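The following exercises are to be worked through with the sequence and the structure at hand. Each task is followed by a solution in steps.

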Amino acid sequence: MTDAPTGRTAAFHILATGYTTSTGPGVAATVSYVTEGDLRIVVDPGMVASQS
């Protein structure tokens, strides 16, 4: 017996996409949200100075 799910039930959502110049020279970050059963994960990689 295992606690692993029998199928793929995770859902992935993008909360904020991309690149903005409203904070000065510009920052890039995509914030995501993952759900799996009772588990909730927010993925926020922080900000980077350029799109590259």
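Two strands are said to pair if DSSP finds at least two bridges between them. With this in mind, one may note that the bridge partner of Ser-32 in β5 is Val-43. The model used throughout is a predicted one.

**Exercise 1. Confidence and overall composition**

Task: Determine which element of the protein has the lowest mean pLDDT and which the highest, and state how many helices and strands there are.

Solution.

Step 1. The protein contains zero helices and five strands. Read from the N terminus, the order of elements is β-β-β-β-β.

Step 2. The average pLDDT of the protein is 76, and 63% of the residues score at least 70.

Step 3. Among the elements, strand β2 (residues 19-20) has the lowest mean pLDDT, 67, whereas β5 has the highest, 92. Where pLDDT is low, the predicted coordinates should not be read in detail.

Step 4. Of the 52 residues in the protein, 12% are buried. The accessible surface amounts to about 4,300 Å², and carbon and sulfur atoms account for 58% of this surface.

**Exercise 2. The sheet**

Task: Establish in what order the three strands of the open sheet are arranged, and identify which strands lie at its edges.

Solution.

Step 1. The three strands follow the order β1-β4-β5, and their pairing is antiparallel.

Step 2. The edge strands are β1 (11-16) and β5, each of which pairs on one side only. From one strand to the next, the twist averages 20°.

Step 3. β1 and β4 are paired in the antiparallel sense over five bridges. Strand β4 (residues 31-36) is likewise joined to β5 by five bridges, and these two strands run antiparallel. In general, strands of a sheet pair through backbone hydrogen bonds, either parallel or antiparallel.

Step 4. β4 and β5 form a hairpin with two residues between them. Gly-37, in the turn, has a positive phi of about 60°.

**Exercise 3. Thr-35 and its partners**

Task: Find which residue stands opposite Thr-35 in β5, and decide whether Thr-35 is buried or exposed.

Solution.

Step 1. Thr-35 belongs to strand β4. Opposite Thr-35 in β5 stands Arg-40, and Ala-11 stands opposite Thr-35 in β4.

Step 2. Residues up to four places away in sequence are set aside. Thr-35 then touches Thr-9, Ala-10, Ala-11, His-13 and Arg-40. The two residues opposite Thr-35, namely Arg-40 and Ala-11, thus appear among its contacts.

Step 3. The relative accessibility of Thr-35 is 16%, and Thr-35 therefore counts as buried, since the limit for this class is under 20%.

**Exercise 4. Ser-32 and Ile-41 compared**

Task: For Ser-32 and Ile-41, state which class of accessibility applies to each.

Solution.

Step 1. Ser-32 lies in strand β4, while Ile-41 is found in strand β5 (residues 39-43).

Step 2. With a relative accessible area of 6%, Ser-32 is buried. Ile-41 has a relative accessibility of 35% and so counts as partly exposed; this class lies between 20% and 50%.

Step 3. Beyond neighbours within four places in sequence, Ser-32 is in contact with Phe-12, His-13, Ile-14, Leu-15, Ile-41, Val-42 and Val-43. With the corresponding neighbours left out, Ile-41 touches Ser-32, Tyr-33 and Val-34.

**Exercise 5. Distance along the chain and in space**

Task: State what separates the C-alpha atoms of Val-34 and Ala-10, and what separates those of Ile-41 and Phe-12.

Solution.

Step 1. Val-34, a residue of strand β4, is 24 residues from Ala-10 along the chain, and their C-alpha atoms are separated by 6.8 Å.

Step 2. Ile-41 and Phe-12 are 29 residues apart along the chain, with 9.6 Å between their C-alpha atoms.

Step 3. Not counting residues up to four places away in sequence, Val-34 touches Ala-11, Phe-12, Leu-39, Arg-40 and Ile-41.

Step 4. For the protein as a whole, among contacts between residues at least 6 apart in sequence, 15% join residues at least 24 apart.

Notes. Residues are numbered from 1 along each chain as its sequence is written. This is a predicted model: local features need pLDDT of at least 70, side-chain atom pairs count only at pLDDT 80 or more; totals for chains, interfaces and linings use all residues. Side-chain values use heavy atoms; hydrogens and water are left out. Helices (H or I, at least four residues) and strands (E, at least two) are DSSP runs, numbered from the N terminus. Buried means under 20% relative accessible area, exposed over 50%, partly exposed in between (1.4 Å probe, protein chains only). Contact means heavy atoms within 4.5 Å. Axes are lines fitted to C-alpha atoms, for helices over the stretch in contact, and angles run from 0 to 180 degrees between N-to-C directions. pLDDT is the predictor's confidence in each residue, from 0 to 100. Accessible areas come from the Shrake-Rupley method with a 1.4 Å probe; for residues, only the protein chains shown count as cover.
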